[in-house]
Amino acid sequence: MVLTALGNKLTSALRELSKKRTIDDDALKAVLKEVCGALLESDVNVGVVATLRRNVMARVDLESSGVADKGKLIKKAVFDELVDLLDPKKPAYKPTKGKCNVIMFVGLQGAGKTTTIGKFA
């Protein structure tokens with residue numbers, strides 16, 4: 001439910017960008033304010049949100065970019081930063097055959113842990 005609300009807020013913020021006639025620094029700041037607010041409401045770390053904001057601002061240079069659709073440029077920068085935020089930057093754990101591997105499954109009630117463990121085994 002939290003992820004649904006976050007997704008709706010992010011989508012709404014980026015849709016507002018599409019409705020603007022002129023996209024300038026004020027429009028970029030407004031979108032980033034909405035995106036960062038949505039992330040903070042979803043309990044994302046303040047430092048992570050600040051880094052995301054800085055990186056998007058650095059990536060998007062509206063004056064010197066020769067891109068005709070500046071809205072797409074902003075959306076792509078936000079998307080790329082969100083993907084980078086979720087990337088663990090290290091390979092996934094691979095269980096060793098013939099050796100005892102301990103794996104912890106965590107989730108809320110009704111999230112499907114038992115079903116997943118049955119499939120995993």
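**Terms and model.** Buried means under 20% relative accessible area, exposed means over 50%, and partly exposed lies in between (1.4 Å probe, protein chains only). The areas come from the Shrake-Rupley method, and for residues only the protein chains shown count as cover. This is a predicted model, in which local features need pLDDT of at least 70, side-chain atom pairs count only at pLDDT 80 or more, and totals for chains, interfaces and linings use all residues. Residues are numbered from 1 along each chain as its sequence is written, and side-chain values use heavy atoms, with hydrogens and water left out.

**View A. Lys89 pairs with Asp84 in a salt bridge.** The N to O distance is 3.6 Å. A salt bridge here is a side-chain nitrogen of Lys or Arg within 4 Å of a carboxyl oxygen of Asp or Glu. Asp84 is partly exposed, at 34% relative accessible area. Lys89 is exposed, at 59%.

**View B. Shared partners link Arg59, Lys76, Asp80 and Glu81 into one salt-bridge network.** Within this network, the side chains of Lys76 and Asp80 meet at 3.0 Å, N to O. Both residues belong to helix H4. They sit four residues apart, about one turn of the helix. Helices are DSSP runs (H or I, at least four residues), numbered from the N terminus. The whole structure holds six salt bridges.

**View C. Glu16 and Lys19 form a salt bridge in helix H1.** The N to O distance is 3.5 Å. Three residues separate the partners in sequence, so they are about one helical turn apart. Glu16 is partly exposed, with 41% relative accessibility. Lys19 is exposed, with 61%.

**View D. Four aspartates make a negative surface patch.** Its members are Asp24, Asp25, Asp26 and Asp61. Patch residues have over 30% relative accessible area and no salt bridge, and like charges are joined within 9 Å. Asp and Glu count as negative. The charge of Asp is placed at CG. Asp61 lies in the loop between helix H3 (46–59) and helix H4 (70–86). Its relative accessible area is 36%, so Asp61 counts as partly exposed.

**View E. The largest nonpolar core has 22 residues.** Such a core is a set of buried Ala, Val, Leu, Ile, Met, Phe, Trp, Tyr and Cys residues joined through side-chain atoms within 4.5 Å. Val35, Leu39, Val56, Ile74 and Val78 touch the most other members. Helix H1 (2–19), helix H2 (25–41), H3 and H4 each supply at least two core residues. H2 gives the largest share, eight residues.

Terms used
Patches are made of residues with over 30% relative accessible area and no salt bridge: like charges are joined within 9 Å, nonpolar side chains (Val, Leu, Ile, Met, Phe, Trp, Tyr) within 5 Å. Accessible areas come from the Shrake-Rupley method with a 1.4 Å probe; for residues, only the protein chains shown count as cover.
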